[in-house]
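The following note sets out, point by point, remarks on the structure for a colleague at the bench. Please read it beside the sequence and the coordinates.

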Amino acid sequence: MTKPSLPELLHAAVASVGGVERPGQVSMAEAVAEAVEDGSHLLVQAGTGTGKSLGYLVPSLAHGERVVIATATLALQRQLVERDLPRTVEALHPLLRRRPEFAMLKGRSNYLCLHRLHEGVPQDEEEGLFDPFEAAAPTSKLGQDLLRLRDWADETETGDRDALTPGVSDRAWGQVSVSSRECLGASKCAYGAECFAEMARERAKLAEVVVTNHALLAIDAIEGAPVLPPHEVLIIDEAHELVSRVTGAATGELTPGQVNRAVRRSAKLVNEKVADSLQTAAETFERVMELALPGRLEEIPEDLGYALLALRDAARNVISALGSTRDKSVQDEDAVRKQALASVENVHDVAERITQGSEFDVVWYERHDRFGASLRVAPLKVSGLLREKLFTDRSVVLTSATLQLGGDFNGVGASLGLPPEGTEGDDVPQWKGLDVGSPFDYRKQGILYVARHLATPGREGSRTDMMDELAELVEAAGGRTLGLFSSMRAAQAAAEELRTRLDHPILLQGEETLGELIKNFAADPGTCLFGTLSLWQGVDVPGPSCQLVIMDRIPFPRPDDPLMSARQKAVEEDGGNGFMAVAATHAALLMAQGAGRLVRATGDRGVVAVLDPRLANARYGGFLRASLPDFWYTTDRNQVRRSLASIDAAAKADQA
């Protein structure tokens with residue numbers, strides 16, 4: 001039997017989901033097949049509606065080697081495992097003559113821990129364990145969540161937190177889950193044979209397609225101890241998120257609360273002298289943190305340096321003592337010891353990392369109104385790590401609706417550790433960028449309006465002219481507005497102001513769960529939804545409920561953001577343009593994601609309005625506009641109001 005061609009396979013897969021083949025999807029599938037075949041790398045920008053999941057699934061399954069797919073959001077993981085993969089596997093089975101297995105794999109803390117569930121949680125203040133099910137009042141939210149978890153444990157096949165609907169609070173989940181450091185290990189655990197996390201790993205070892213998340217991919221790369229099974233192809237979907245997820249996984253944090261927990265957890269398991277030294281070091285650290293002012297620490301202050309050295313040394317002694325002493329009087333000693341060890345090791349590792357003072361790390365203080373001060377350390381950049389760990393020994397395909405910023409892929413490529421496209425050399429990863437376009441006709445479906453007449457937004461202070469503009473635009477659109485704001489304070493101020501001026505209901509992020517807000521926004525076309533960062537990329541509302549997307553200002557990082565400003569400075573010291581490489585690229589990515597909320601289907605019409613004249617007037621405005629969908633562009637406020645009124649009238653006529 002002759003091997004089926006890629007067009008045949010793609011046609012079968014698209015037919016199985018009741019879809020229509022699109023030129024962009026075909027181009028993408030061909031490019032993925034080519035990259036996988038010759039072991040090269042591909043950055044492919046595929047707009048909303050392209051069908052990119054099938055664009056990479058079909059050539060990957062046809063290749064026949066194991067593929068790992070890493071995504072950023074739960075929604076896409078679910079879509080792949082519950083819908084796209086089952087249908088695609090069934091559709092391709094008659095042609096491939098095999099039925100590839102697929103599995104989901106996440107970090108250990110995403111799975112219910114049967115040991116925690118049945119034996120209880122090691123308690124900080126006293127020896128032994130306590131039963132959270134007895135400790136929590138059955139009528140409390142925590143008590144209800146825990147009772148639901150106990151019932152769910154008897155019926156779930158996977159133990160995966162995301163399979164539990166509705167979900168439970170982080171606090172409740174923390175009572176029945178463990179981190180990889182806290183886990184006893186299958187061989188030492190009474191429940192090892194039934195462990196959900198271990199079963200997920202075993203399924204992944206047998207599967208041809210493993211679906212995971214960016215966080216686990218980052219841990220796999222950073223820690224050097226492989227979590228993912230060996231694979232020949234790596235697909236990174238929602239790839240615009242990868243750098244921030246890897247940075248997050250490589251960021252260390254120390255707080256007085258964290259250190260005190262480590263003291264409490266270890267105190268009863270080591271001799272008094274060793275415990276006292278960690279207690280003393282913790283008290284010193286807490287006093288230093290009480291005086292901490294937010295901002296970057298280009299040099300470690302002397303008092304902090306002494307406190308960290310004392311913490312590091314005391315933690316090291318506790319770790320040694322924990323390994324050499326036993327105390328049979330402690331109930332379920334192994335679990336108590338493992339949790340204590342995990343806490344103390346984290347304190348030791350972060351303290352040591354900061355005292356070593358790598359030039360590749362950024363250290364800063366943060367202060368939170370509710371949680372107090374924290375000390376954080378993050379890599380100046382992750383491009384070197386990604387280049388070394390991702391782009392060797394396998395073919396990597398990175399895809400997203402937003403990878404081409406300012407007209408090319410080199411900006412995103414550089415953040416991933418890739419040289420400029422087309423660079424030759426023995427040790428240079430070979431890659432190419434491909435924009436397969438979108439099935440939408442952006443110039444006919446959308447308008448990009450920049451309110452050029454407004455005052456340039458300042459750091460603080462009210463923007464009366466912006467509020468007037470906002471109210472007029474929302475009124476002209478008949479509601480139907482998604483407001484994307486650069487800060488929660490700005491979103492709240494706009495919601496409060498417009499609630500007094502307009503009759504349209506205005507939903508505000510934080511006043512309900514995000515899922516509930518989006519559902520209510522989609523259900524009533526006259527409603528508006530205002531919010532901040534997670535709305536810039538988390539809203540998928542096709543149709544007449546979202547016909548105006550407003551951005552209050554260009555979302556540059558805050559000038560006092562320690563990590564972003566350090567990265568900007570580093571680029572400048574290397575002779576580059578730090579503002580364009582860091583701040584403008586960050587803003588372009590967010591704006592492209594935000595503008596992508598407008599057109600989600602072929603019948604959608606509307607306006608993206610940016611209430612920041614710098615998009616029209618500043619030198620970098622062209623770079624930012626080139627990163628957005630190719631909407632019809634105007635700065636004419638009267639024209640845009642007429643267009644919005646016309647779109648509103650057409651939508652009302654359709655609904656009548």
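1. A residue is called buried here when its relative accessible area is under 20%, exposed when that area is over 50%, and partly exposed in between. By this rule E238 counts as buried, because its relative accessibility is 14%. The structure discussed is a predicted model, and the remarks below should be read accordingly.

2. Overall dimensions. The protein chain has 656 residues and a radius of gyration of 27 Å, which agrees with the value near 26 Å that a compact globule of that length would have. Along the principal axes, the C-alpha atoms fill a box of roughly 75 × 70 × 60 Å.

3. Secondary structure and packing. The protein chain comprises 27 helices and 20 strands. Of its 656 residues, 52% count as buried. Among contacts with a separation of 6 or more, 76% are made by residues 24 or more positions apart.

4. Surface and charge. The exposed area of the protein chain is about 29,600 Å², of which carbon and sulfur atoms supply 49%. Positive side chains number 70 and negative side chains 94, and the centres of the two sets lie 2 Å apart.

5. The surroundings of T399. This residue belongs to strand 12, which covers residues 395-400. Is T399 buried or exposed? T399 counts as buried, because its relative accessibility is 0%. A polar atom of the T399 side chain lies 3.0 Å from the backbone oxygen of V44. Leaving out residues up to four places away in sequence, T399 touches M28, V44, A46, K52, Y56, I236, D237, E238 and A239.

6. E238, one of the residues that T399 touches. E238 is located in the loop between strand 7 (233-236) and helix 11 (242-249). Its phi is near 50°, a positive value in a residue other than glycine. The backbone of this residue may be inspected together with the contact to T399.

7. R97, a further residue with positive phi. The phi of R97 is near 60°, again in a residue other than glycine. R97 lies in the loop between helix 4 (74-96) and strand 3 (102-104). In contrast to E238, which counts as buried at 14% relative accessibility, R97 counts as exposed because its value is 64%.

8. A cis peptide bond. The bond from T165 to P166 is cis, with omega near -10°. P166 is placed in the loop between helix 7 (141-155) and helix 8 (170-174).

9. E194 and its contacts. The loop between helix 8 and helix 9 (196-206) contains E194. With a relative accessibility of 45%, E194 counts as partly exposed. Which residues does E194 contact, leaving aside its neighbours within four places in sequence? They are L114 and M199. How far is E194 from T392 in space, C-alpha to C-alpha? The distance is 35 Å, and the two residues are 198 residues apart in sequence.

10. K569 and V582. K569 is part of helix 23, residues 562-573, and counts as partly exposed at 34% relative accessibility. From K569 to V582 the separation is 13 residues in sequence and 9.4 Å in space, C-alpha to C-alpha.

Key: Residues are numbered from 1 along each chain as its sequence is written. This is a predicted model: local features need pLDDT of at least 70, side-chain atom pairs count only at pLDDT 80 or more; totals for chains, interfaces and linings use all residues. Side-chain values use heavy atoms; hydrogens and water are left out. Helices (H or I, at least four residues) and strands (E, at least two) are DSSP runs, numbered from the N terminus. The radius of gyration is taken over C-alpha atoms; the globule rule is 2.2 Å times the number of residues to the power 0.38. Buried means under 20% relative accessible area, exposed over 50%, partly exposed in between (1.4 Å probe, protein chains only). Contact means heavy atoms within 4.5 Å. Accessible areas come from the Shrake-Rupley method with a 1.4 Å probe; for residues, only the protein chains shown count as cover. Lys and Arg count as positive and Asp and Glu as negative; His and the chain ends are not counted. The place of a charge is taken as NZ of Lys, CZ of Arg, CG of Asp or CD of Glu. A polar contact is a pair of N or O atoms within 3.5 Å; within protein, one must be able to donate a hydrogen and the other to accept it, and residues adjacent in sequence count only if both atoms are side-chain atoms.
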